Amino acid sequence: MTAWFKRKEKGIQTSTEEKKDTPKGLWYKSPTGKIVESDDLAKNFYVSPEDDYHVRIGSKEYFEILFDDNKFTELDEKLSSKDPLKFEDTKKYSERLKAAQKKTGLKDAVRTGFGKSYGKDIVICCMDFKFIGGSMGSVVGEKIARGIDHAIKKKVPFMMISKSGGARMMEAALSLMQLAKTSAKLAQLSEAGLPYISLCTDPTTGGTTASYAMLGDINIAEPGALIGFAGPRIVKDTTGKDLPEGFQSSEFLLEHGFLDFISHRRDLKKKVNLYIDLIQNNPVRAEKTSA
């Protein structure tokens, strides 16, 4: 091909066959402006090595991190929402559901996995923010309830990973009923003497925070996560006061007693299993048993 400065004809001379597509997601830019290769990000538990920023991830990535060899059985994977209220705003709720399912490849905003972590069985429910903002509808509540039932049946610990914008407005009161249902199921888990580990990730807000996210035997969070009920503007308007620095961050909540621990994502699997062993008064498992 002739060098560009010797060309007599104007325009791009590269043939279609010679063009190369730049792979999507090759680079990731953190909110602080740090740039990292996507492969390096994945190897570092989806945490930016430059500034330690915990990138938002979903159930796929958390299951990879927590289950031994990423082996697990997904429970109730076909369960999906209906539209009993025939809700419509800028779009019909039924259409919004179909669009979200097509875009994300998910049935709803939570997935449940049953498998081994450090060699012992555990049930993990994990929310996906990319599905309608991780909103909590009837299916979310039902899948969490069934996940707890499975943990009770198998007599194994239960873990909840929250990442949500709150209740799903398109289901109105049906969504709000999930707060009571999931809380009642967690009470049954407690009566069965089984551990419940709650992990709050960015963001954990609204009805999720007001129910299962804050009911763990151990409540933990990732660094820098937004955790709260109402947004900062609503809280400020309600109280009429300026909010303190770092308000609603996981560090602020830990300092004020709302959380037990903050765990870096690279230590998550180790810490979760440590807490489970301590709660059950079992010998602490070594990390090598997870292989």
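# Reasoning through rings and charges

Colleague: Hello! What makes K269 count as buried?

Modeller: In this predicted model, K269 has a relative accessible area of 13%. The label "buried" needs a value under 20%, so K269 earns it.

Colleague: How do you know that K269 forms a salt bridge with D68?

Modeller: The closest N and O atoms of K269 and D68 are 2.7 Å apart. A salt bridge asks for a side-chain nitrogen of Lys or Arg within 4 Å of a carboxyl oxygen of Asp or Glu, so this pair passes. K269 lies in helix α8 and D68 in the loop between α2 and β3, so the salt bridge ties together parts that are 201 residues apart in sequence.

Colleague: Is D68 buried or exposed?

Modeller: D68 is buried, because its relative accessible area of 9% is under the 20% limit.

Colleague: How many salt bridges does the structure hold?

Modeller: There are 16 in the structure. As general background, side chains of opposite charge can pair when their charged atoms come close.

Colleague: What makes E74 and R111 a salt bridge?

Modeller: Their closest N and O atoms are 3.0 Å apart, and the limit is 4 Å, so the pair counts. E74 sits in strand β3 and R111 in strand β4, so the bridge joins parts that are 37 residues apart in sequence.

Colleague: Why is E74 called partly exposed?

Modeller: E74 has a relative accessible area of 22%. Partly exposed covers the range between 20% and 50%, so E74 belongs there. R111, at 16%, is buried.

Colleague: How do you know that R265 forms a salt bridge with E222?

Modeller: Their closest N and O atoms are 2.9 Å apart, so the pair meets the 4 Å rule. R265 lies in the loop between β9 and α8, and E222 in the loop between β8 and α6, so the bridge ties together parts that are 43 residues apart in sequence. R265 is buried, with a relative accessible area of 1%, and E222 is buried too, at 3%.

Colleague: Now the rings. How many aromatic pairs are there?

Modeller: The count is 6 aromatic pairs. One of them is F247 with F252, an edge-to-face pair.

Colleague: Why is the pair of F247 and F252 called edge-to-face?

Modeller: The ring centres are 5.8 Å apart, and a pair needs them within 6.5 Å. The planes stand 75 degrees apart, and edge-to-face means over 60, so the name fits. F247 is partly exposed, at 26%, while F252 counts as buried, at 17%.

Colleague: What makes F261 and Y275 a stacked pair?

Modeller: Their centres are 4.8 Å apart and their planes 15 degrees apart. Stacked means under 30 degrees, so this pair qualifies. The pair links distant parts of the chain, with F261 in strand β9 and Y275 in helix α8, 14 residues apart. F261 is partly exposed, at 36%, whereas Y275 is buried, at 6%.

Colleague: Where does R56 lie relative to F129?

Modeller: R56 lies over the face of F129, 4.7 Å from the ring centre. The distance limit for a charge over a ring is 6 Å, so R56 is within it.

Terms used:
Residues numbered from 1 in each chain as written. Predicted model: local features only at pLDDT ≥ 70, side-chain atom pairs only at ≥ 80, totals over all residues. Heavy atoms only, no water. Buried < 20%, exposed > 50% of the residue type's maximum accessible area, 1.4 Å probe, protein only. Helix = DSSP H or I, 4+ residues; strand = E, 2+ residues; numbered from the N terminus. Lys NZ or Arg CZ within 6 Å of the ring centre and 35° of its normal.
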